[in-house]
Amino acid sequence: MPQRFYITTPIYYVNDKPHIGHTYTTVLADVIARHRRMMGEEVYFLTGTDEHGQKIEKTAAARGMTPKALADEVMPNFQRLWERMEITHDYFVRTTDAQHKAVIQERFLQLQGTGDIYKDTYKGLYSVSDEAYVTETQAKEMQAQGLAHQLVELEEESYFFRLKAYENWLIQLYEQYPEFVQPDFRLNEVKQFVAPGGERGFLQDLSISRTSITWGIPVPGDERHVVYVWFDALLNYLSACREGFWPPTVQLVGKDILRFHAIYWPAFLMAMFREAGDDLDGPLPARIREQLPHTILAHGWWLMGEDKMSKSRGNVVRPEELLHFGNDAARFFFMREMQVGLDRSFSFEGFMDRLNADLANGLGNLASRTLSMLQRYRHGVVPTAVVLDAQDQEVLEAGRALAPAYLAKAKANDFQGALDLLWTYLRHLDGYIVKSEPWKLAKDETAQARLDTVLCQLYRALRLTAVLAAPVMPDMTQKLWTSLGMTGQVADQRFETFQYEAAAQAPVAEPAPLFQRIDKEAVMQEENQTTEPVAVQAEAPLDLPPVKDLIEYDTFALMDLRVGRVLTAERVPKSKKLIKMTVDIGLETRTILGGIGVAYAPEELVDRKVVVVANLAPRPLMGTMSHGMLLAASDNDSKPYLVAPPEDAKPGFVVR
Ligand code: MSP
């Protein structure tokens, strides 16, 4: 039987439309789910909305509507967004569903029956925004943060959950099963909260009912009370679980709701799954551990500058702003930029830079170059590779090693690391093209086997990239997959059976851009006028070499570029390409040879203004010394186009 994998996102409050913080959590869950499916596991992926509680009641009152009407209005924003982002959840739970409500009431009664829930009076401070009672220490913290206005004095009859009684088992859970909270440093936070400095006795029983509000699930048999929203919400994972998938394998949460998931949630489950005779002060039975989530994975926040993104601060970025550039682009950005666990500042410019560098230039350029070379040199038919030299061997080995390394990182939920490996590999391939110069091989009859090898290796690399990146970018990888002549859905591939070196199935398609390069300047200008960003169409794909490594200005300044004027020009005997020119560069007249004979006739060159590299070391070309070089523009395959300064620029002018 395939391994089962149950993954959840938090359920989202319906007091506001989704922003990129919510979007990130859901995309991360989707990427994990898609990976697991491609690993051959059977996945159940749950998400939904948290619709009860004071927050919703208050927002609804302020808008003059009932809480249910508010929930019904806001909830579809989440569903539509997940559809737009191709989220592959299996079920969408709402806490107002009758089925969920029945489970909450049933479990409430169960825990009342075991004595884990009892009735008492609560007197103390309450945080409205967190919907939680606060201890004195927490109240002091909040006051120091200027949040005193969120605290109210409260005295009410309440049902309590016997949280204190589970302290011993909870501590054992953290000590013996550290995989329960990931990353590690988040586990430490939880431990510190439960037992600061290793000292016990800090946990207090938890109030799990309210009489101050009416918008919630009634406590069975005592309807003046509604069930506390966190008891209600956390149990969605149980009420909406599909048979055979319990317990959750990975539960995603933001760091702000980790405590609820790493303390209350396992304690509730311990209470529900324990049996008469289990000793709460003794060792945590393995049987109980097996009913608890395997891992609570806590991620950090997307920040604006230093601040958390939130509606009340008015600094939220809405997913639509990113989706304007495509769903894959947004998904890729989230996975590539955020290290799971840490916070990250969002910048719109950084977003555009990342997409241009990695998708338009990196992957997009490699794909269009490869497809156009396969078309041009082999009529689209993918040749077979025979390893010919050390470089080919190195590329072959890098391809073989990539999938295991990539998948190990993905399995550890380190998608930033995985994508980093993949893009390093793609850059390596750009280097392979530059060094092996297929456009030259194409013109050399004796180099055809080498050309076959280079083309085949590039093809395999792209096919591998399509498979590995499929969970992150479902559309772009499908497009790539199809253009490589592969049939079916790339998402139906299994990592384990996919063969990197398998022969091609069919000829490749004509190149089409995978990702439209974003004109940042245009977007920024437009941004200043409207709030909607824009994209421009990319040019038709060219056979362009990648941008070289960065250099400092000082390195550039070592070059002496001058305006020159061609005085004489003649072909070099026995050479198709070379033209010998004398060029006035203001200070002196130089003899310069240029390989531009295919593109220009000598008579077209005389009296033309050109740009000369004036301090290039002289070198002999077909027996004549050339004292400099003319600048010309081209892609890897086109004829050279001489760079032309304006007609009124004078010979000797410095170009800088
Ligand atoms: N309803 C509760 C969760 C109940 S789960 C049983 C809730 N909802 S929420 O809508 O406020 O937040 C849902 C998730 O979005 C949380 O995991 C939260 O951490 C995440 N994010 C909200 N803002 C965020 C960022 N700025 N960045 C990243 N994630 C953030 O809490």
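User: What accessible surface does the chain have, and what share of it belongs to carbon and sulfur atoms?
Analyst: The accessible surface of the chain comes to about 29800 Å², and carbon and sulfur atoms account for 51% of it. The model is a predicted one. Its C-alpha atoms fill a box of roughly 105 × 55 × 45 Å along the principal axes, and the chain holds 22 helices and 27 strands.

User: How much of the chain counts as buried?
Analyst: Buried means under 20% relative accessible area. Of the 656 residues, 52% count as buried.

User: What makes Arg571 partly exposed?
Analyst: The partly exposed class runs between the buried limit of 20% and the exposed limit of 50%. Arg571 has 39% relative accessibility, so the residue falls in that class. Arg571 lies in strand β18, which spans residues 561-571.

User: Which residues does Arg571 contact, leaving aside its neighbours within four places in sequence?
Analyst: Arg571 is in contact with Lys576, Leu578, Ile579, Gly597, Tyr600, Ala601 and Pro602. Contact here means heavy atoms within 4.5 Å.

User: Why do the approaches of Arg571 to the backbone oxygens of Lys576 and Gly597 count as polar contacts?
Analyst: The limit for a pair of N or O atoms is 3.5 Å, and within protein one atom must be able to donate a hydrogen and the other to accept it. A polar side-chain atom of Arg571 lies 3.4 Å from the backbone oxygen of Lys576, and the side chain of Arg571 reaches the backbone oxygen of Gly597 at 3.3 Å. Both distances are within 3.5 Å, therefore both pairs meet the distance limit.

User: How far is Arg571 from Ala418, in sequence and in space?
Analyst: The two are 153 residues apart in sequence, and their C-alpha atoms are 54 Å apart. The domain assignment gives domain 1 as 347-492 and domain 2 as 553-655. The centres of these domains, taken over C-alpha atoms, are separated by 36 Å.

User: What makes helix α6 mostly covered?
Analyst: Of the 10 residues in α6 (167-176), eight are buried. They are Glu167, Asn168, Trp169, Leu170, Ile171, Gln172, Leu173 and Tyr174. These buried residues pack against α7 (184-194), α10 (258-273) and α11 (286-289).

User: How many residues surround the ligand, and which are the closest?
Analyst: The ligand is surrounded by 23 residues, the closest being Ile11, Asp50, Gly254, Asp256 and Trp302. By class, the shell has 13 nonpolar, seven polar and three charged residues.

User: Why do the approaches of Asp50, Asp256 and Trp302 to the ligand count as polar contacts?
Analyst: An N or O atom in the side chain of Asp50 is 2.7 Å from a ligand nitrogen. A polar side-chain atom of Asp256 is 2.5 Å from a ligand oxygen. For Trp302, a backbone N or O atom lies 2.9 Å from a ligand nitrogen. The limit is 3.5 Å, so these pairs qualify.

User: What share of the ligand surface does the protein bury?
Analyst: Taken alone, the ligand exposes 660 Å², and the protein buries 95% of that.

User: Which elements give two or more residues to the shell around the ligand?
Analyst: These are β2 (12-13), α1 (20-38), α8 (229-234) and β13 (250-254). Helix α8 gives the most, with three residues.

Terms used
Residues numbered from 1 in each chain as written. Predicted model: local features only at pLDDT ≥ 70, side-chain atom pairs only at ≥ 80, totals over all residues. Heavy atoms only, no water. Near = heavy atom within 4 Å. Areas by Shrake-Rupley, 256 points an atom, 1.4 Å probe, with all protein chains shown as cover. Helix = DSSP H or I, 4+ residues; strand = E, 2+ residues; numbered from the N terminus. Nonpolar A, V, L, I, M, F, W, Y, C, P; charged D, E, K, R; others polar. Domains from an automatic or database assignment. Buried < 20%, exposed > 50% of the residue type's maximum accessible area, 1.4 Å probe, protein only.
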